[in-house]
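User: I would like a close look at one part of this model, explained for someone in the first year of study. Please set out the terms as they arise.

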Amino acid sequence: MISGNLKSIDDIMKSRGRPKVDTIPVMVRMPSELVEQLDTVRRETEDLPSRPELIRRIVEEWLSQKHQNG
């Protein structure tokens, strides 16, 4: 049985592409409990960001708050 939530291979391939020129890949290992918490937040977010996108948003928010607090 195929779940309706799964993307087709064509959809996955369309979403991939050449990364932005001004970016650097970063690989981070996280405990499974932390990843589960991230996935919970993702599901609660209206636009359902990918894990990497959610992590980018969290880091940007943290940096913004750190900058404001001096």
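Which residues are linked in a network of salt bridges?

Analyst: The residues linked in a network of salt bridges are Asp47, Glu53, Arg56 and Arg57. A salt bridge is here a side-chain nitrogen of Lys or Arg within 4 Å of a carboxyl oxygen of Asp or Glu. The model is predicted: local features need pLDDT of at least 70 and side-chain atom pairs count only at pLDDT 80 or more, while totals for chains, interfaces and linings use all residues. Residues are numbered from 1 along each chain as its sequence is written, and side-chain values use heavy atoms, with hydrogens and water left out.

The setting of the network comes first. The protein has three helices and zero strands, in the order α-α-α along the sequence. These elements are DSSP runs numbered from the N terminus, where a helix is a run of H or I with at least four residues and a strand is a run of E with at least two. The confidence of the predictor in each residue is given by pLDDT, on a scale from 0 to 100. For the protein the mean pLDDT is 83, and 76% of the residues reach 70 or more. Among the elements, H2 has the highest mean, 97, and H1 the lowest, 57.

Within the network, Arg57 takes part in a salt bridge with Asp47, and the closest N and O atoms of this pair are 2.7 Å apart. This pair connects distant parts of the chain: Arg57 belongs to helix H3 and Asp47 to the loop between H2 and H3, ten residues apart. Arg57 also forms a salt bridge with Glu53, with the closest N and O atoms at 3.0 Å. Arg57 and Glu53 are four residues apart in helix H3, which means that about one helical turn separates them.

How covered these residues are can be described by relative accessible area. Buried means under 20%, exposed means over 50%, and partly exposed lies in between, with a 1.4 Å probe and protein chains only. Arg57 is partly exposed at 29%, and Glu53 is partly exposed at 26%. Asp47 also counts as partly exposed, with a value of 48%. For the protein as a whole, 9% of the 70 residues count as buried.

The structure holds five salt bridges. One of them joins Asp39 and Arg51, whose closest N and O atoms are 2.8 Å apart. This pair, too, links distant parts of the chain, since Asp39 lies in helix H2 (residues 32-44) and Arg51 in helix H3 (residues 51-68), twelve residues apart. The C-alpha atoms of Asp39 and Arg51 are separated by 7.3 Å. Asp39 is buried, with a relative accessible area of 13%, whereas Arg51 is partly exposed at 40%.

Arg42 offers a further view of this region. Arg42 lies in helix H2 and is buried, at 19% relative accessible area. Its side chain reaches the backbone oxygen of Pro49 at 2.6 Å. This is a polar contact, that is, a pair of N or O atoms within 3.5 Å; within protein, one must be able to donate a hydrogen and the other to accept it, and residues adjacent in sequence count only if both atoms are side-chain atoms. Leaving aside residues up to four places away in sequence, Arg42 touches Leu48, Pro49, Ser50, Arg51 and Leu54. Contact means heavy atoms within 4.5 Å.

Among the residues that Arg42 touches is Leu48, which lies in the loop between H2 and H3. Leu48 has a positive phi of about 40 degrees, although it is not a glycine. As a rule, most residues other than glycine have a negative phi. Leu48 counts as partly exposed, at 49% relative accessibility.

To return to the question, Asp47, Glu53, Arg56 and Arg57 make up the network of salt bridges. Arg57 is bridged both to Asp47 and to Glu53. The first of these partners lies in the loop between H2 and H3, whereas Glu53 lies in helix H3 together with Arg57.
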